[in-house]
Amino acid sequence: RVARRLGGCGEHHRQPDGDRPDVLHRGRVPRAAGGPRAGDADDVPRPEVLHGLFELRTLVEPAAAALAATRRNQVHLADMRGALDAMRFHTLDSPAGREADMMFHAALLAATTNPFVISLTKGVTAAVNALTEFKQRRAKIERDPVPDHLRVFDAIASDLGSAQMADHAAVEGERSELSVELLNDSGDDA
């Protein structure tokens, strides 16, 4: 009934597996959302799409980190620690490392224990993966993301109010890195 009142999130709009449509399935930005067309030069999403992905992460992740710092349990911490260890071992250069990165973000959202925040997991992890894949297509990732993730983990594990600031700093560091790359590339076209 609620779905009908909200304008059609009913069963006829669901995927065959009963899930909502996965807008950013497997880190791919659909063409309708501004993603690349097959055969486009370098399959590069438009700048507004990249901005939108960072905007999603900036809105959700720092607040989720702050909430997770007050609600996490030992299972959540173990999941985040395991993902960090796998990220360190595999690096983002491998599919296993990228999967670990997404698992870290999923574990962080799970640690909020808020079902509505947790429901954002697919979108956030797809944004994380899409941005990583985009950066890797441009050049080898030089900046190690593990220290930023470790700062977020430590803040959440310590119950510090700095969890939100640590996560925000991690996302902004990634955004700055990509912005510099995009600015440098735009000068090459001249």
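A cavity is a set of points on a 1 Å grid over the protein atoms alone where a 1.4 Å probe fits but cannot get out, and its lining residues have an atom within 4 Å of a point. Grid points are joined across faces, edges and corners, and a volume is the space filled by probe spheres set on the points.

This is a predicted model, in which local features need pLDDT of at least 70 and side-chain atom pairs count only at pLDDT 80 or more, while totals for chains, interfaces and linings use all residues. Residues are numbered from 1 along each chain as its sequence is written, and side-chain values use heavy atoms, with hydrogens and water left out.

**Cavities**

Two cavities of 30 Å³ or more are found in the structure. The largest has a volume of about 80 Å³, and the second largest about 60 Å³. Arg57, His105, His149 and Glu174 are among the residues lining the largest cavity, and Arg57, His105, His149 and Glu174 are also among those lining the second largest. In the largest cavity, α6 gives the largest share of the lining, three residues; in the second largest, that share is four residues and comes from α8. Helices here are DSSP runs of H or I with at least four residues, numbered from the N terminus.

**The core**

Which residues touch the most other members of the largest nonpolar core? They are Met80, Phe104, Leu108, Leu109, Val152 and Ile156, in a core of 25 residues. Such a core is a set of buried Ala, Val, Leu, Ile, Met, Phe, Trp, Tyr and Cys residues joined through side-chain atoms within 4.5 Å. Buried means under 20% relative accessible area, exposed over 50%, and partly exposed in between (1.4 Å probe, protein chains only). Phe104 has contacts (heavy atoms within 4.5 Å) that include Met80, Met87 and Val152, leaving aside residues up to four places away in sequence. Phe104 also helps to line the second largest cavity.

**Salt bridges**

The whole structure holds five salt bridges, each a side-chain nitrogen of Lys or Arg within 4 Å of a carboxyl oxygen of Asp or Glu. Here are some of them:

| Pair | N to O distance |
|---|---|
| Glu48 and Arg46 | 2.6 Å |
| Arg88 and Asp85 | 3.6 Å |
| Arg151 and Asp148 | 2.3 Å |

Arg151 and Asp148 both lie in helix α7, three residues apart. Asp148 is buried at 11% relative accessible area, whereas Arg151 is partly exposed at 48%. Together with Arg143, Asp148 and Arg151 are linked in a network of salt bridges.

Conventions
On a 1 Å grid over the protein atoms alone, a cavity is a set of points where a 1.4 Å probe fits but cannot get out, and a pocket is an open set with protein on both sides within 12 Å along at least five of seven lines; lining residues have an atom within 4 Å of a point. Helices (H or I, at least four residues) and strands (E, at least two) are DSSP runs, numbered from the N terminus.
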